[in-house]
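Here is a set of short exercises to work through with a model open beside you. Try each task on your own before you read the solution.

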Amino acid sequence: MKKIKTWVDEHLHGDPVIWAVVFALSLISILVVYSATGTLAFKRMSNPETYLFKHTMLLGVGLLAMWFAHRVDYRYYSRISRLALWVSVPLLIYTFTNGMSLNDASRWIMVPVINASFQPSDLASLALITSLASMLSKRQQNIADFKESLIPILIWCGVICGLIALTNLSSAILLFLTCMLIMFIGRVPVKYLAMLVFVGALSGVAALKFGVRAETAKNRVESFIEGKELPFQAQHARIAVATGGITGKGPGQSQQRNILPHPYSDFVYAIIIEEYGMIGGVVVLVLYLILLSRGMKGVINSERAFGGLLSAGLSFALVLQAMVNMGVVVGLGPITGLPLPMVSMGGTSLLFTGLSIGIILSVSRGEVDKSWTGSTSKEIKNMIRA
């Protein structure tokens, strides 16, 4: 035990509670995805262990990305984010015009050589959140200057959210809400937040007009509001929840995994409740709430405004996505194609979720590079008191 503790202290830095949450979600992910992919393996005449191995490997890649990200002083992400933001724009445009269609949505591009699909919206979301935190932290002294401080922020939020909305409306909405939160914490005047709402509405209208998901989004929202006839996915997700009871049917005993589309990704929470009951569902919910609370602690504990805004923005984005995914399963919202972070099967999602949590851990770790020469900002505590 002493050797294990020594190894952990030496290699796993930052908030230990976040590490515990990540490992718990990873274990849940392996158990549930293994169960949920049984039908997929049968249909494709494959060995179920093939999908278990593949998912475990992808999860390992996400955890490795998290480990590397948490070793880097978080202040360096301020410099990297602007380049990532510029790279995201042509990638999002290319996805819209030449994207690969998977699960009835064109959100992916195929990466040559490795022959793997990649979802640029995940990169763009991480880049925008990090850049927004950086821009706001550097403008704390003149945050009320609309021309110098707010116009660049509004433009980037409108462009990135609008481009994502062309192929992925739900992700764009969640990213927009995250931007609103970061700007609120960053002391942006309310009248300028209203300007952001206007920019977001303009981008949304343009995306619905020219995008590829307008009709799908309209049908899903109408179906949820009217409630006359539940979509096929929603029906069987609720059956899974209803039959799971308090303690569930037990690992590997799900029936709805044989019927639900994508029970290992979009509707993995339904399988969690069916197999592990309401107790399992609540445990997963609590794990995400703990992640949110620990991420928000960065607003108080970080020595710089950038660290606090970055930790708050990334943790809020991850947990908001989780809440939407779980809300869809239990009937609290219209169907979306959002995965459950760190649990659902998927390569790009696991990779960028790992990177996001790694950056949050880097913030909780504090400033480790004493040779840093980057620009400073007001301390986050002073920012909040103001």
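The exercises below go from the whole chain to single residues, and they concern a predicted model.

**Exercise 1. The chain as a whole**

Task: Describe the protein chain by its secondary structure, its burial, its contacts and its surface.

Solution:
- Step 1. Begin with the elements: the protein chain contains 16 helices and three strands.
- Step 2. Turn to burial. The chain has 386 residues, and 51% of them count as buried.
- Step 3. Look at the contacts with a separation of 6 or more: 75% of these join residues 24 or more positions apart.
- Step 4. Finish with the surface. The accessible area of the protein chain is about 18,100 Å², and carbon and sulfur atoms hold 66% of that area.

**Exercise 2. Salt bridges**

Task: Find the salt bridges, then say for each partner whether it is buried or partly exposed.

Solution:
- Step 1. Count them: the structure has three salt bridges.
- Step 2. Take Arg-294 and Asp-15, whose side chains form a salt bridge with an N to O distance of 2.8 Å. Arg-294 belongs to helix α12 (residues 268–296) and Asp-15 to the loop between α1 (2–11) and α2 (16–36), so this pair ties together parts 279 residues apart in sequence.
- Step 3. Check how accessible these two are. Asp-15 counts as buried because its relative accessibility is 9%, while Arg-294, at 25%, counts as partly exposed.
- Step 4. Go on to Arg-75 and Asp-73, where the closest N and O atoms of the salt bridge are 2.7 Å apart. Arg-75 has a relative accessible area of 5%, so it is buried. Asp-73 is buried as well, with a value of 3%.
- Step 5. Close with Glu-274 and Lys-249, whose side chains meet in a salt bridge at 2.9 Å, N to O. This pair links distant parts of the chain, with Glu-274 in helix α12 and Lys-249 in the loop between α11 (232–244) and α12, 25 residues apart.
- Step 6. Compare the accessibility values with the cut-offs: under 20% is buried, and partly exposed runs from there up to 50%. Glu-274 is therefore buried, at 0% relative accessibility. Lys-249 is partly exposed because its value is 33%.

**Exercise 3. A pocket and a cavity**

Task: Which residues lie nearest the centre of the second largest pocket, and which residues line the largest cavity?

Solution:
- Step 1. Start with the pocket, which holds about 310 Å³ of space. Its lining has 17 residues, and those nearest the centre are Leu-169, Ser-170, Ala-217, Ile-335 and Thr-336.
- Step 2. Place the lining on the chain. Helices α8 (169–185) and α10 (214–226) each contribute at least two residues to the lining of this second largest pocket.
- Step 3. Sort that pocket lining by class: nine residues are nonpolar, five are polar and three are charged.
- Step 4. Now for the cavity. One cavity of 30 Å³ or more is counted, and the volume of the largest cavity is about 40 Å³.
- Step 5. Name the cavity lining: Asp-266, Phe-267, Asn-325, Val-328, Val-329, Thr-336 and Leu-338. By class, four of these residues are nonpolar, two are polar and one is charged.
- Step 6. Follow up Thr-336, which appears among the residues nearest the pocket centre and in the cavity lining. Thr-336 sits in the loop between α14 (305–329) and α15 (347–365). With a relative accessible area of 16%, Thr-336 is buried because this value is under 20%.
- Step 7. List its contacts. Beyond neighbours within four places in sequence, Thr-336 touches Ser-170, Arg-220, Asp-266, Val-324 and Val-328.

**Exercise 4. Two helix residues**

Task: Locate Val-61 and Glu-148, and describe the surroundings of each.

Solution:
- Step 1. Val-61 is part of helix α4 (residues 48–71). Its relative accessibility is 43%, so Val-61 counts as partly exposed.
- Step 2. Look across the sequence from Val-61: Leu-350 is 289 residues away along the chain, yet the two C-alpha atoms are 7.8 Å apart.
- Step 3. Move to Glu-148, found in helix α7 (residues 146–165). Glu-148 is partly exposed because its relative accessible area is 48%.
- Step 4. Setting aside neighbours within four places in sequence, Glu-148 is in contact with Arg-139 and Asn-142.

How values were computed: Residues are numbered from 1 along each chain as its sequence is written. This is a predicted model: local features need pLDDT of at least 70, side-chain atom pairs count only at pLDDT 80 or more; totals for chains, interfaces and linings use all residues. Side-chain values use heavy atoms; hydrogens and water are left out. Helices (H or I, at least four residues) and strands (E, at least two) are DSSP runs, numbered from the N terminus. Buried means under 20% relative accessible area, exposed over 50%, partly exposed in between (1.4 Å probe, protein chains only). Contact means heavy atoms within 4.5 Å. Accessible areas come from the Shrake-Rupley method with a 1.4 Å probe; for residues, only the protein chains shown count as cover. On a 1 Å grid over the protein atoms alone, a cavity is a set of points where a 1.4 Å probe fits but cannot get out, and a pocket is an open set with protein on both sides within 12 Å along at least five of seven lines; lining residues have an atom within 4 Å of a point. Grid points are joined across faces, edges and corners, and a volume is the space filled by probe spheres set on the points. Ala, Val, Leu, Ile, Met, Phe, Trp, Tyr, Cys and Pro count as nonpolar, Asp, Glu, Lys and Arg as charged, and the others, Gly among them, as polar. A salt bridge is a side-chain nitrogen of Lys or Arg within 4 Å of a carboxyl oxygen of Asp or Glu.
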